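Trainee: I'm new to this one and would like a close look at a single part. Could you walk me through it slowly, once we have it on the screen?

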Amino acid sequence: MNRRTIIYVILLVSLNVVKALPRSYRDIEEKNSIGQRFSQLQENNFKAIAMIMFAQYVPGGTFGRAVAMAEDVTALAKRCAAAARDSPDCLKPLDRIFLDTICQEENLPGFTDCCTKKDPERNDCFLSLKNSSRGFVSPFERPHAEAACKNHSQHQHPLTGYFIYEVSRRHPFLYAPTILSVAIRYDEVMRNCCGSAEDPTRNLEECFRRQAPKVMKPVKEDGLRQEHTCGILKKFGERTLKALKLAQISQKFPKADFATVNKLVMDIANMHRDCCRGDMLDCMHDREEILHYVCTNQDILSSKIKKCCDKPLLQRSECIVNAENDDKPAGLSPHVREFIEDKGTCERFAREKDMHLARFLYEYSRRHPEFSAQMLLRIGKGYEDLLEECCKAGAPDNCCSRGEEELKKHIYETESVMKTSCDIYKEKGDYYFQNELLVSFTKKMPQLTSAELIKFTKQMTTIGAKCCQLSPDKLLPCAEENLDLVLGEICRRHLAEPINPGVCQCCSSSYAFRRPCMGKLEMDENYVPLPLTPGLFTFHEDLCTTEEEKLQQKKQEMLVTLIKYKPQISQEQLTSVTAAFTAMRERCCREENRQACFGQEGPELIRRSEKLLSA
């Protein structure tokens, strides 16, 4: 089968791949048999997923190699399904077969060390390389519109297959059906924009610019969410992940009983274990089963997901995740005092600690949709610490009574932090709010590059724009849960290349307290400031650009460099230096010979600023 035919097949399966998955997968024997998988998925579906998996495992490999490896594994699977199921090769776990195939390839970049290891260490080694935040592959760039339309008209199916490959290698943790559904959207955009390419009134570039987010937004969001979840699982373990999912599901389905919620938590934790291990086929089966369970039990779960369950299977998961929380059951008491006042509390805590804490978290979460899941975990940890202390022999009778006061204090502090941040955002707007964050985070993490600091603070500013306009009962879940994604990205960056001990402490000590910990970080006292060299601050006529976005970027890069040079700069000093820079820029941009002006005025500004900062 030639490459064009292979990719045509991949495109055809995008709509049907998940429909082939059996409903009762967990009851099927030979779960790890490649022949069994092949029979369940059928050849075309198996081949499509194999190509995605190889692109995710080997992002530095070529498109042709990914296709060839997918062909090899599919051929083996076909033989195993037909007659050779007792062959030693057919009895290997599927992940081992995939890694053996990769390790048989010659001159693949960066995998020699992994291939010398034995399983399961080999698999762990490969998964450790699945870290998209290292920037191994350059960002996906939108092609020139006219060239893309010409390509699409001549090579439609290979082009879509190549798109699948490019998305897969850039998003190694992304769920395979998400990639396939995005490929469908990509093909729709190409048809919509290129279909009327001969219309002289149609602006191709504008069409691509307008429709591109429809394709790439779910890729970025789902990829980040999946990588984030895997980071939590790897760093903090299953207990933390289950607690997080328990809080989130209890909020989304407050009418569901504890047993039902707990079943979903266990199933979702198992799914993430498979997904994060890199077993994409198990991951798909697990997710399909969960979706089937949720949609066939709407009556006991939620009245808000009917529209989601009516959607095509590939669109259900995203819809359910984004669905609003169901209404709380009528008559649900606002308090959970029985977990404090009941005389049998300490006995239950001693006998079944985790189950008792889970019940508390479930009851508290379903009553408080206005809290973030991370805050609910902090409340759960506070309750655990309270019982650890108050259930000891000799603890005073009123020991537990202080718990409610400490809870009120924590809630007030969290809400105050978010309200203050939103007040600043509303007062200053996007650009100046981001500058405030840049000053703060450059002092906390001066080891990050200017580009990294600008990217992370830009993401935080976007959260402000999104969440600060919401009602008070929606603010906290929106702000802290989105901020948690950014902090997770910072922590994965730290894992790849350590930043400093303060960041290390926040990223490794407690998931629930990560955001408050980062907020309390101050200037890194061990950081050695940048020396003042001739090239540290340079001023050119490109500062006169009329493109506001480019100008703001240049000014923010200078701001970061200034903080790295003088981390202890006061707000007054910063205001003075900024005013002097603005005056110089305005003066030179009025001159006929702008570069000559900057060449003369720039060094003078640096001398005056150095004198001011040394005072």
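Which parts of the chain do the buried residues of H17 pack against?

Mentor: Happy to, and one thing before we zoom in: this is a predicted model. The buried residues of H17 pack against H12, H14 and helix H16, which spans 306-309. H17 itself covers residues 313-322, and the buried residues there are Leu313, Arg316, Ser317, Cys319 and Ile320.

To place that in the whole, the chain has 29 helices and 0 strands. Of its 615 residues, 49% are buried. If you take contacts between residues at least 6 apart in sequence, 72% of them join residues at least 24 apart. Keep that in mind as we follow H17's partners outward.

Let's start with H12, which runs over residues 204-252. Gln211 is one residue in this helix. Its relative accessibility is 14%, and because the cut-off for buried is under 20%, Gln211 counts as buried. Setting aside residues up to four places away in sequence, Gln211 touches Val189, Asn192 and Cys193.

Further along H12 you reach Phe236, which forms an aromatic pair with Tyr511. The ring centres are 6.0 Å apart and the planes make 55 degrees, a tilted arrangement. This pair ties together distant parts of the chain: Phe236 is in H12, while Tyr511 is in the loop between helix H25 (501-509) and helix H26 (514-520), 275 residues apart. Both Phe236 and Tyr511 are buried. For contrast, look at Tyr364 and Phe371: their ring centres are 6.4 Å apart with planes at 20 degrees, so that pair is stacked. Tyr364 is buried at 9% relative accessible area, and Phe371 is buried at 4%. Those two also belong to one aromatic cluster with Phe339, Phe360 and Tyr383. Across the structure there are 19 aromatic pairs.

H12 also packs with helix H21, residues 373-390, at an angle of about 115 degrees and with the axes 9 Å apart. The crossing of H12 past H21 is right-handed. On the H12 side, the residues are Arg239, Ala243, Leu244, Ala247, Gln248 and Gln251, and they meet Ala373, Gln374, Leu376, Leu377 and Glu384 of H21. Sorted by class, that contact has 6 nonpolar, 3 polar and 2 charged residues.

While you're at H21, find Arg378, which lies in this helix. Arg378 is buried, with a relative accessible area of 3%. Leaving out neighbours within four places in sequence, Arg378 contacts His410, Thr414, Glu480, Ala512, Phe513, Arg515 and Pro516. Two of the names there, Arg515 and Pro516, fall in H26, the helix spanning 514-520.

Now go back to H17 and take its other partner, H14, which spans 280-296. Arg287 has its charged end over the ring of Tyr175, 3.8 Å from the ring centre. A similar kind of placement turns up elsewhere, with Lys444 over the face of Phe441 at 5.7 Å from the ring centre.

H14 also leads you to helix H2, residues 34-41, which is mostly covered: 6 of its 8 residues are buried. These are Ile34, Gly35, Arg37, Phe38, Gln40 and Leu41. Besides H14, the buried residues of H2 pack against helix H3 (43-57), helix H4 (63-82), helix H5 (88-91) and helix H6 (94-104).

Two last stops away from H17 are worth a look. In helix H27, residues 548-565, you'll find Leu559, which is buried at 13% relative accessible area. Not counting neighbours within four places in sequence, Leu559 is in contact with Asn435, Leu438, Val439 and Leu574. Its C-alpha atom is 8.7 Å from that of Thr578, a residue 19 places away along the chain.

The other stop is Pro120, in the loop between helix H7 (112-115) and helix H8 (121-128). The peptide bond from Asp119 to Pro120 is cis, with omega near 10 degrees. Most peptide bonds are trans.

Note on methods:
Residues numbered from 1 in each chain as written. Predicted model: local features only at pLDDT ≥ 70, side-chain atom pairs only at ≥ 80, totals over all residues. Heavy atoms only, no water. Axes fitted to C-alpha atoms, helices over the stretch in contact; angles between N-to-C directions. Helix = DSSP H or I, 4+ residues; strand = E, 2+ residues; numbered from the N terminus. Left-handed = near helix turned anticlockwise from the far one by under 90°. Contact = heavy atoms within 4.5 Å. Nonpolar A, V, L, I, M, F, W, Y, C, P; charged D, E, K, R; others polar. Phe/Tyr/Trp six-rings, centres within 6.5 Å; stacked < 30°, edge-to-face > 60°. Buried < 20%, exposed > 50% of the residue type's maximum accessible area, 1.4 Å probe, protein only. Lys NZ or Arg CZ within 6 Å of the ring centre and 35° of its normal.
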